[in-house]
There are 2 protein chains.
Amino acid sequence: MLICCENKEGVAGQISLIAEALKTKGRIAVLSHNNADGDTLGSCIAACIALQKLGKDVSMIYEEDFPENMSDIRTGHDFYMLLPPGDDSALERKWDAIAVFDAADPKLLGRRAKLLEKAEFVVNIDHHISNYCFGDLNIVDADASSTAEIVYQLIEELGVPLDHDMALAIYAGICTDTGGFSYSNTTAVCHEIAARTLMFGIDVANLRFKFFDAISIGKLHCHGYVANTLKLHEGGKCAIVVVSAATLAELGATGEDCEGLVNIGRNIVGVKVSMFAREVRPGEFRINLRSRGDVDVSAIARLLDGGGHRSAAGCTIKAAPSEVEAILLGALREVCN
Amino acid sequence: MLICCENKEGVAGQISLIAEALKTKGRIAVLSHNNADGDTLGSCIAACIALQKLGKDVSMIYEEDFPENMSDIRTGHDFYMLLPPGDDSALERKWDAIAVFDAADPKLLGRRAKLLEKAEFVVNIDHHISNYCFGDLNIVDADASSTAEIVYQLIEELGVPLDHDMALAIYAGICTDTGGFSYSNTTAVCHEIAARTLMFGIDVANLRFKFFDAISIGKLHCHGYVANTLKLHEGGKCAIVVVSAATLAELGATGEDCEGLVNIGRNIVGVKVSMFAREVRPGEFRINLRSRGDVDVSAIARLLDGGGHRSAAGCTIKAAPSEVEAILLGALREVCN
């Protein structure tokens with residue numbers, strides 16, 4: 001679904017419009033979203049390289065260090081500009097255009113959101129259905145696997161031949177946002193672009209290890225705890241894990257170590273709904289919900305004042321550790337009956 | 001590396017030769033290897049569909065049920081012929097040609113190996129460097145990601161337009177043999193072919209779940225045991241897990257549940273060598289060795305009368321559970337010093 005796009009000819013026409021507009025600009029700021037992932041970073045880096053090759057004065061302005069597993073896509077270029085903590089003077093500079101990649105909401109730009117207020121011209125390129133269409137020119141194509149997929153087309157339209165570093169960045173964006181070409185957003189187009197990027201000698205095995213498989217010993221211990229304490233309910237259709245703050249402290253686990261643990265239950269054969277509860281403050285649990293199949297877990301989340309999507313949702317509940325399981329099962333039964 | 005191929009024009013010329021030869025045959029038996037994986041099954045199924053479309057009398061003869069996670073690629077065709085246990089009468093039939101896919105050694109054909117002895121014409125298509133080149137016409141291309149990649153070219157050469165079921169089978173072969181497009185054998189060609197198969201409406205998310213993520217509760221408990229008992233040695237560079245027969249019995253785990261558990265250690269950041277020891281008989285341990293980086297684990301395996309490749313090897317040792325760790329560390333140190 002094409003969420004927003006000013007051009008009647010659709011994405012291709014709009015990409016052409018944006019390419020023409022960017023060609024007329026001299027100084028361009030490129031913005032990734034905070035809590036950055038491979039898609040926002042890969043999209044920004046590839047766009048910056050292409051714009052630099054066209055002679056533009058480009059800066060990729062970001063305000064959090066790259067995540068460790070994305071270090072390889074930060075290739076040697078001079079456009080990286082990390083906003084120093086507490087010092088916004090870099091934002092005072094005058095830009096002819098601001099280009100934002102993969103950010104559905106200006107709030108995700110943190111302190112850099114203020115750049116949009118006084119900007120002369122804002123380009124907004126994204127694939128999230130929830131995008132606010134805050135640009136002067138927007139492409140928000142929810143049918144694209146990733147923003148990097150759109151950026152690949154933009155680079156073609158700009159007439160810049162792909163090189164190794166752009167290919168690496170585009171590969172990273174598509175690969176991470178499709179879960180290694182495994183999610184339902186994986187299309188023939190994803191594989192076609194991946195094929196072209198691999199012609200530049202991308203070290204697939206090394207990247208894939210860093211993107212998906214590399215695990216800290218702390219996170220491994222969390223995995224072990226989940227594997228050993230996970231309980232099946234409703235005839236094996238529902239998996240629940242509850243982890244108290246005391247257990248997390250014992251395991252030496254951080255909140256980051258708990259990311260994705262809800263998928264362990266979801267991957268068990270026969271499980272339709274997986275629930276992971278983590279005590280974030282005494283008596284307060286953050287709940288992650290995932291489904292495989294028919295159950296709409298956002299309905300469960302809404303019952304508990306949370307929200308989300310059909311297959312991935314979340315909420316926060318106040319309860320003692322011993323009460324959490326019963327509360328979650330109660331909500332599940334209310335939704336399913 | 002092209003291991004064997006009678007044609008001087010290389011793979012393309014040889015595929016053309018084989019296609020021409022098969023077109024002249026009426027009754028064709030297609031053989032997968034035992035302990036079947038997605039590549040041998042996908043290759044055979046795609047080849048059978050294509051040959052049937054050319055009007056051939058084709059049977060895919062196999063002697064073990066399809067693994068559960070490959071059930072979706074067994075689409076509705078009439079060429080499947082499961083060899084009944086203890087009854088080889090089906091092998092007595094006369095075939096004009098035998099086509100073997102993904103089997104490096106006739107031993108991997110089990111009882112069907114006898115078909116080769118009296119065969120008039122044998123085609124051998126594979127990508128394993130260790131292939132014996134036992135056919136009358138062979139393509140053994142170790143540069144191909146998978147046998148399915150070669151079969152895709154063969155189908156093109158036969159002039160049969162791809163359809164959904166062939167696309168599904170080819171996708172399964174390439175996807176499983178490249179670890180979901182993540183191993184170092186993943187090439188631009190893999191992605192190009194994947195792109196074409198996805199145009200037939202392949203349910204990527206469902207297949208990928210079955211191929212890689214689906215886990216039984218028994219295997220999950222093995223994961224948990226490994227995660228909690230894994231020990232790091234040599235300053236975090238070596239991970240070792242030893243599982244006694246008693247523990248396996250307690251966990252209710254089968255040998256199959258232990259498959260791939262050596263990779264848990266290998267995925268820990270900083271680990272160069274991962275060792276997994278499983279007691280298969282009282283006082284006898286099967287050892288799986290994996291490396292990431294410089295260490296040649298086949299050298300460790302050879303010290304202990306085993307063998308394998310640089311990054312994946314194995315051996316069997318006789319020892320008490322309490323002695324295994326010291327034996328493995330001793331061998332590691334001997335190889336690395």
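**Two-fold arrangement and fold of the predicted model**

In this predicted model, chain B can be laid on chain A with an RMSD of 0.1 Å, the operation being a turn of 180° with a shift of 0.0 Å along the axis. The two copies are thus related as by a two-fold rotation axis. Among the residues of chain B, the one whose C-alpha comes closest to this rotation axis is B:Gly224, at 2.0 Å. The contact between the chains follows the same pattern: 100% of the interface residues of chain B are also interface residues in chain A, so the copies meet through the same surface.

Chain A itself is built from 12 helices and 13 strands. Its radius of gyration is 22 Å, which is close to the 20 Å given by the globule rule for 337 residues, so chain A is as compact as a globular protein of that length. The C-alpha trace of chain A spans about 60 × 45 × 35 Å along its principal axes. Of the 337 residues in chain A, 55% are buried. When contacts in chain A between residues at least 6 apart in sequence are considered, 64% of them join residues at least 24 apart.

The surface and charge of chain A were also examined. The accessible surface of chain A amounts to about 13900 Å², and 49% of that area belongs to carbon and sulfur atoms. Chain A carries 31 positive and 46 negative charges, and the mean positions of these two sets are 2 Å apart.

Several individual positions illustrate the local structure. In chain B, B:Ala12 lies in helix H1, which covers residues 10-23, and this residue is exposed, with a relative accessible area of 55%. Although B:Ala12 and B:Glu157 are 145 residues apart in sequence, their C-alpha atoms are 9.0 Å apart in space.

Two aspartates, one in each chain, have a positive phi although neither is a glycine. For A:Asp305 the angle is about 65°, and the residue is found in the loop of chain A between helix H11 (297-303) and strand S12 (307-308). For B:Asp102 the angle is about 75°, and its place is in the loop of chain B between strand S5 (97-101) and helix H3 (114-117). The surroundings of the two residues can be set side by side: A:Asp305 is exposed, with a relative accessible area of 74%, whereas B:Asp102, at 1% relative accessibility, counts as buried because this value falls under the 20% cut-off.

Technical notes:
Residues numbered from 1 in each chain as written. Chains lettered and ligands numbered in written order. Predicted model: local features only at pLDDT ≥ 70, side-chain atom pairs only at ≥ 80, totals over all residues. Heavy atoms only, no water. Least-squares fit on C-alpha atoms with pLDDT ≥ 70 in both. Contact = heavy atoms within 4.5 Å. Helix = DSSP H or I, 4+ residues; strand = E, 2+ residues; numbered from the N terminus. Rg over C-alpha atoms; globule rule 2.2 N^0.38 Å. Buried < 20%, exposed > 50% of the residue type's maximum accessible area, 1.4 Å probe, protein only. Areas by Shrake-Rupley, 256 points an atom, 1.4 Å probe, with all protein chains shown as cover. Lys, Arg positive; Asp, Glu negative; His and termini not counted. Charge placed at Lys NZ, Arg CZ, Asp CG, Glu CD.
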